[in-house]
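I have the sequence and the model open side by side, and these are my notes on what I looked up. I started with empty space and then went on to how helices pack.

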Amino acid sequence: MDLQLLGKVSLVLGSAWLLFGGRRIKRTFDQLPFKHSLMSHRGGSNEHVENTLPGFRASVKMAVDLLELDVHLTKDGHVVIFHDDDLGRMCGAQYKGRKIPEFLLKDLPPLLIPEHLKDNKRVIGDPDSSRIPLLRELLDEFPLYPMQIDVKRGSEQLVIQVGRMIQEKKREHVTVWGSFISKQQSYILKHFGTTIPVFFTILRAAKARVLHSLGLLWTMNIYESAAIIPNVSFLVNRSFIQQLRERGVGVIVFGRNGSLDTEEEWNHVRNQHCSGICSNSPTKLTQWLKENSLF
């Protein structure tokens, strides 16, 4: 047999084995059950201190489609909203190398006001701008507002607590959650399946794209309701995005530092037929979307 042909056959058979040899998971929701054209990244960190209640409140006030946030677990078992594994960037050089799980809730340091917000009286005048909030606080204040919750690196208990809070608030239909880390995602599927819509891990998004390039995406067991993907040409591909959307998957694109903030970027991903844009500039994007609706 021709070696090139043998290689192609082996690739197809190997892909099929990977797809059909494992456990198949059923998706609870046929598609993402809420509008998601504008996802306010960490509450809009160009306009407020990231992942703080004032930022989320401002985003809700302007009626963005979806809030994006990240969660960690403190040493005494409280789920808090914070992005980085390291406290240094947000809390000062003296906390470089220190992590949320090392601290009791009462001992968490205050947040620094970023340079670009130091003259913003609305920001500096609100004490919540310098406080790491609890996830429960946000869910209590906005129990049925759509949110994307990114479960950061941590213990299985973090996943369990977040999932239970979502269930307690009966907000499964207004939440998409998950982790880009495969281990965390495995905890989510173990304890909650897809009863709360989940998004792709990075590895599964890459796998889907490779299968798409081989014409084999149809063989993949897709249980995710959303693909939240970086603005790189390999993934932001119109044909790939269209096929995901035909399978009921919402496709939200983010950029450098998690956000797309320029009209050039927005136009690019719009032309690739994404269904959502993640941005640190929700005010500006809200205005742009009024004249440039997504497909």
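**Entry 1: the cavity**

How do the residues of the lining of the largest cavity divide into nonpolar, polar and charged? I counted 4 nonpolar, 2 polar and 1 charged. Before going on, a reminder to myself that this is a predicted model.

I rolled a probe over the atoms, because that shows where empty space is left. My search of the whole structure turned up 1 cavity of 30 Å³ or more. The space in the largest cavity comes to about 30 Å³. I wrote down its lining as E50, N51, I81, F82, H83, M90 and L111.

**Entry 2: a pocket**

Next I looked up the second largest pocket, and its volume is about 200 Å³. I found 15 residues lining this pocket, and H83, D150, F180, F254 and G258 are the closest to its centre. H83 caught my eye, since I had already noted H83 in the lining of the largest cavity.

Which strands each supply at least two residues of this pocket's lining? They are strand 2 (66–73) and strand 4 (147–151). I also sorted the pocket lining by character, and it divides into 5 nonpolar, 5 polar and 5 charged.

**Entry 3: helix 6 and helix 7**

On to helix packing, where I want two values for each pair: the angle between the axes and the distance between the axes.

Helix 6 (residues 156–168) packs against helix 7 (residues 182–192) at an angle of about 50°, and their axes are 9 Å apart. Helix 6 and helix 7 are therefore oblique to each other. I noted the crossing of helix 6 past helix 7 as right-handed.

Helix 6 brings E156, L158, V159, I160, G163, R164 and Q167 to the contact, while helix 7 brings Q184, Y187, I188, K190, H191 and F192. Sorted by character, the residues of this contact of helix 6 with helix 7 are 6 nonpolar, 4 polar and 3 charged.

**Entry 4: helix 8 and helix 9**

At what angle do helix 8 and helix 9 pack? I read about 110° between helix 8 (residues 202–213) and helix 9 (residues 238–246), with the axes 10 Å apart. Helix 8 is therefore roughly perpendicular to helix 9.

From helix 8 the contact takes A205, A208, R209 and H212, and from helix 9 it takes S239, F240 and Q243. I put the residues of the contact of helix 8 with helix 9 down as 3 nonpolar, 3 polar and 1 charged.

**Entry 5: helix 10 and helix 11**

For my last pair I took helix 10 (residues 263–271) and helix 11 (residues 282–291), whose axes come within 11 Å and cross at roughly 50°. Helix 10 is therefore oblique to helix 11. I logged the crossing of helix 10 and helix 11 as right-handed.

Which residues make the contact? Helix 10 supplies E263, W266, N267 and R270, and helix 11 supplies K284, L285 and W288. The tally for the contact of helix 10 with helix 11 is 3 nonpolar, 1 polar and 3 charged.

How values were computed: Residues numbered from 1 in each chain as written. Predicted model: local features only at pLDDT ≥ 70, side-chain atom pairs only at ≥ 80, totals over all residues. Heavy atoms only, no water. Axes fitted to C-alpha atoms, helices over the stretch in contact; angles between N-to-C directions. Helix = DSSP H or I, 4+ residues; strand = E, 2+ residues; numbered from the N terminus. Parallel < 35°, antiparallel > 145°, perpendicular 65-115°, else oblique. Left-handed = near helix turned anticlockwise from the far one by under 90°. Contact = heavy atoms within 4.5 Å. Nonpolar A, V, L, I, M, F, W, Y, C, P; charged D, E, K, R; others polar. 1 Å grid on protein atoms, 1.4 Å probe; cavity = no way out; pocket = protein on both sides within 12 Å on 5 of 7 lines; lining within 4 Å. Points joined across faces, edges and corners; volume = space filled by probe spheres on them.
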